[in-house]
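Welcome, and thank you for taking a look at this protein with me. Let us walk through a few of its parts together, one stop at a time.

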Amino acid sequence: MSKNNEVVLRVQSADGTQRVNIRDSSSLRELYELVQKQFSLNDFGFALYKERNYKNELVSSRSQTIKGCSLKHGDMIYMKQLSEPSTSSGGSSSSSSLSNFATPSTSTAVASTSKNSYNTSNNSKQSKEATLPSEDSVDIELYKIEGRIERKRDDKLCRHNSNSKCVHCSPLEPYDENYLKEQKIKHFSFHAFLRKLTSGVDRGKFVALEDLNCKIKTGCRDHPPWPKGICSKCQPSAITLNRQTYRHLDNVMFENPGIVERFLNYWRCTGHQRIGYLYGQYEMHPDVPLGIRAHVAAIYEPPQESGRDFIRLIDDEHENDVEEMAKLLGLRRVGWIFTDLISEDISAGTVKTTRGIKTHFLTAQECILAGNFQNKYPNRCKYASNGYFGSKFGTVCVTGDKTKQVHMEGYAVSAQCMALVRDNCLVPTKDAPELGYVRESTDKQYVPDVYYKEKDVYGNEVQRLARPLPVEYLLVDVPTSTPLIPLYTFPARKDSKDYFPVENRMIDGHIQDFQILSQYLGKSISMNFLEAISDFHLLLYLFKMDMLPMKSEMTTLLEAVRNKDSKAANEWKNKEVWCTLEQLILAHSSDGGMMSNDVEFVPTDESEQADWTCSHCTFINSRELRTCEMCNLPRN
């Protein structure tokens, strides 16, 4: 019998039995196409099985042949209609036979009439991407750029005219390792990584970035659910950690040193550590091929409890207000910053060096927190199967360097770390900050084995179980910088005391209240209104103020600040809401601007001896107070 011998297969369905003529060297995919044609079906919403009870499924495949599946001349196969694609990965109920024809998303119905399976998969991919947000503008711009590194003609090595190119002067790819090493660039950019993946003959047609999965696949019907059973189909594979060669964010640039200095003032006043969120925007980085830089314009400090050696974040009830206002200003959350500073000599201004290659760069707890932030702000990518891959969210640590001076170090955690944190597999150790620990499997959670490679005392590369795990395998360096010529989204002040206080600082001289607002605006009378109002923390205080709600009226003002439009800001100043605020400030200042706790002697008239009710907020005050204890407005 020849290898290309033709066989006849009988296909039994609910509508009857049909015969299909096919060569034994044909693939199962061709069998599915013939069955669809023979039964005059509109789609591929069916599966084929070797047994009558719908077991031993014949999965549609280009590689498996009729002969390879032990199908012989005259064999009977059984067709089962599927109402919708199954999400199970088990053999008895799997619909993986539709993988080449149906949509990749389990939430999308099987595509109707299609002459070509590629058209169906492409349409489903487009419909899935339509529901996802668009990619960042900086990513769209980088897709359009060629990205090659231009080189000048070498007078010594080049032997051609100025219109020609040779191996010594032809442009380099953005992922060229020798060039990156010469420029001391440790990791190539994410878009350079994408160019490397799409540089082949297929031009990235089959590129699909997959996130690491540490959880058991649900829906397997071959056994009871975990912990009573598990199989190779639903069990996640063992993980070997590798150092990530690329990074999504190539630089964090603070547009002027005053931003960080204002953040550090809290530590200088109290000696306590501090956390802040970086607000800015992403832009192209000119010093790294196809690189991305985070341009930081402001730091928001969320509610927190802190001490000399700890920080505890508290739920922020105004988080949505901050995000909404930042969006109107053209800003977004691009990272987070925290301090780890311990004074050594106050007179000399030196701090202790606690981090370095001999100790640790980031602790395991900080890596887990960074992983949570990066999972919260993922990176939209068209090459990812689920639409997202990695994150541009950066981490900045302010600590002491080798010279005992305050400096900043930037980091990001790898995509593997993000997956371990997302699936709750990684925890910190109790007494070693530089070590993490991968959980062991329990009855409630299965955790795959995680390994990393290191060199032993003999120089051999050996594989170790990640219990414990050095967190340096999870880190990616991200340089931090400030430009030579400072930039100012929000104008600077000559003296740090001229700034409006930062939110959520519960120490004297840093608390935001109506009196501080009155004093700040009183000092700013001689300034241009746009310049006086252009302060991130002042705008946020006005945006979330309860005494005089201004949130709905501030859109025009925020757009004026964003566009630096002095005319539009002056027009907004004449609105009723701002005039009302000025009247309240004027009433407050006419009373001497005294706080409600300042006690003065009052007349002993009978009308003055009783407690009085504030006409503004209806709070009942003691008779000796001249201003309301609740709203700080004057009695009369």
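Two strands are said to pair if DSSP finds at least two bridges between them. Please keep in mind along the way that the model you see is predicted.

With that definition in hand, start at strand β17, residues 394–400, and strand β18, residues 406–413, which pair in the antiparallel sense over six bridges. One of the pairs to look for is Thr399, whose bridge partner in β18 is His407. The two strands β17 and β18 make a hairpin, with five residues between them. In that turn you will find Lys404, which has a positive phi of about 65 degrees.

Strand β18 has another partner to visit. Strand β24, residues 475–477, pairs with β18 in the antiparallel sense, over three bridges. Here Ala412 stands opposite Val476 of β24.

Ala412 also leads us to our next stop, the cavities. How many cavities of 30 Å³ or more does the structure hold? There are two of them, and the largest cavity has a volume of about 70 Å³. This largest cavity is lined by 15 residues, and the closest to its centre are Gln244, His248, Ser391, Ala412 and Val413. Both β18 and α9, which spans 415–422, supply at least two residues each to the lining of the largest cavity. By character, the lining of the largest cavity divides into seven nonpolar, six polar and two charged residues.

From here, move on to an open sheet of three strands, arranged in the order β7-β21-β22 with mixed pairing. At its edges stand β7 (239–241) and β22 (461–465), and each of these has a single partner strand, so one side of each is left without a neighbour in the sheet. Neighbouring strands of this sheet are turned against each other by 35 degrees on average, direction ignored. As general background, strands of a sheet pair through backbone hydrogen bonds, and they do this in either a parallel or an antiparallel way.

Look now at strand β21, residues 450–455, which runs antiparallel to β22 and is joined to β22 by five bridges. Tyr452 has Arg464 in β22 as its bridge partner, while Lys455 stands opposite Glu461 of β22. The strands β21 and β22 form a hairpin too, with five residues between them. Gly459 sits in this turn and has a positive phi of about 85 degrees.

Next comes helix α12, residues 536–543. Why can we call α12 largely enclosed by the rest of the structure? Eight of its eight residues are buried, so the helix is largely enclosed. Among the buried residues of α12 are Phe536, Leu540, Tyr541 and Phe543. At the N-terminal end of α12, Asp535 acts as a cap: one of its side-chain oxygens lies 2.9 Å from the backbone nitrogen of His537.

Our final stop is Asn632, found in the segment after β27 (620–621). Is Asn632 buried or exposed? Its relative accessible area is 9%, and buried means under 20%, so Asn632 is buried. Asn632 and Gln515 are 117 residues apart along the chain, and their C-alpha atoms are separated by 7.4 Å.

Conventions:
Residues numbered from 1 in each chain as written. Predicted model: local features only at pLDDT ≥ 70, side-chain atom pairs only at ≥ 80, totals over all residues. Heavy atoms only, no water. Helix = DSSP H or I, 4+ residues; strand = E, 2+ residues; numbered from the N terminus. 1 Å grid on protein atoms, 1.4 Å probe; cavity = no way out; pocket = protein on both sides within 12 Å on 5 of 7 lines; lining within 4 Å. Points joined across faces, edges and corners; volume = space filled by probe spheres on them. Nonpolar A, V, L, I, M, F, W, Y, C, P; charged D, E, K, R; others polar. Buried < 20%, exposed > 50% of the residue type's maximum accessible area, 1.4 Å probe, protein only. Polar contact = N/O pair within 3.5 Å; in protein donor to acceptor, adjacent residues only side chain to side chain. Axes fitted to C-alpha atoms, helices over the stretch in contact; angles between N-to-C directions.
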